[in-house]
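Biologist: I would like to go through this model and hear the reasoning behind each label.

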Amino acid sequence: MLDDIASLKEEVTNYSIANKDELESFRLEFLSRNGKVQDMFSRMSEIPNEKKAEVGRAMNEVKNLAQQTFDEAKARLEREEAADLDATDDITLPAAPYSLGSYHPLTQTMEEMKNIFYRLGFSIADGPEIEDDFHNFTALNFPPNHPARDEQDTFFVEKNENDQDLVMRTHTSPVQIRLMQEQEPPIRSIMPGRVYRNEAVSPKSYFLFHQVEALYIDTDVSIAELKETLISFAKLMFGSDVKYRLRPGYFPFTEPSLEMDVWWETNNPNDDGKWLEILGSGMVDPNVLKAVNIDPEEYTGFAWGMGVERIAMLRHQIDDIRIFYNNDVRFLEQFH
Ligand code: DAH
């Protein structure tokens, strides 16, 4: 057997590979499933046990040699081919265009939002996209079986080991609860992330979108500070001449609640433009603070949840949310 191995080794060593056809013949003869190397290994059962180690070593050596011979010849042939210029090759032609990727417009908008809030003194936190009922609803003061739960068009996943519903989070607000459970006030953080709603897909809504949540908890936080922060954000994001309005709103987890709209100015002379809601916000409801054992007599706070798609649509004059999710390069290329 050792003699056979030695002669196979010699065959491999003496094989000449001068072109791609010969490379392929070499592969078929030695390295393929029916090749000589595999064939040699299949004779291992004939070898008496005490010889197996020695013979195995010799076999492996030949196998490695064959593989190495193949790899080297392949690399050499490729090098030769690349260098094989002839008179018809114009080496002064510009190189083929190399298209560079870039960040998705939603990522760009999200990064800009993060930068603004970083400058305003907020840190950044995140939480899971699959949430339990407690964090997504109950701790946020959604009463059990209240229609407000339906308004969120929830995707239910399954129940956890405590028979609690697990859901695709319908908003980033549950991260507020997680932060307050983990951290003592003062808290001043934003929480960017994906959220999911079981909604019919249309130019205005998609079953997946992004929010940037914020939470500020300290002693004596006032609604004046909330308004000032939102207005500063709108000016930094859209420019100091941004047209905005704040109106009263309703959320179970804030009291009072506000919504902010930004004016959408179209380029179309026949269209007057319209108000687009970009966020919900308010003073954190005392019941929410109680759910995480923070004393509402000592601490107050504000919160908001901003829609990243809405903000990107306003910035770039995009009127159909679905285009963010098509992966159409003709759209994406415009955001280099
Ligand atoms: N979670 C709300 C939504 O998705 C938005 C929101 C409103 C977040 C008020 C807040 C808030 O933190 O205070 O519609």
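**The ligand shell and the backbone**

Modeller: Three strands, β6 (208–218), β9 (274–284) and β10 (300–307), each give at least two residues to the shell around the ligand. Strands here are DSSP E runs of at least two residues and helices are H or I runs of at least four, numbered from the N terminus. The model is predicted, so local features need pLDDT of at least 70 and side-chain atom pairs count only at pLDDT 80 or more, while totals for chains, interfaces and linings use all residues. Residues are numbered from 1 along each chain as its sequence is written, and side-chain values use heavy atoms, with hydrogens and water left out.

Biologist: What makes a residue one of those that surround the ligand?

Modeller: A residue is near the ligand if one of its heavy atoms lies within 4 Å of it. There are 15 such residues, and the closest are H171, Q176, R197, Q211 and E213.

Biologist: How do you know that H171 makes a polar contact with the ligand?

Modeller: A polar contact is a pair of N or O atoms within 3.5 Å; within protein, one must be able to donate a hydrogen and the other to accept it, and residues adjacent in sequence count only if both atoms are side-chain atoms. A polar side-chain atom of H171 is 2.9 Å from a ligand nitrogen atom, so the pair qualifies. R197 has a side-chain N or O atom 2.9 Å from an oxygen atom of the ligand, and for Q211 the distance from a polar side-chain atom to a ligand oxygen is 3.0 Å.

Biologist: Which classes make up the shell around the ligand?

Modeller: The shell has 4 nonpolar, 9 polar and 2 charged residues. Ala, Val, Leu, Ile, Met, Phe, Trp, Tyr, Cys and Pro count as nonpolar, Asp, Glu, Lys and Arg as charged, and the others, Gly among them, as polar.

Biologist: Why is the peptide bond from P185 to P186 called cis?

Modeller: Its omega is near 0°. P186 lies in the loop between α8 (174–182) and β5 (187–196). Another cis bond joins E255 and P256, with omega about -5°, and P256 is in strand β8 (residues 254–264).

Biologist: What is the phi of D163?

Modeller: D163 has a positive phi of about 60°, although it is not a glycine. Most residues other than glycine have a negative phi.
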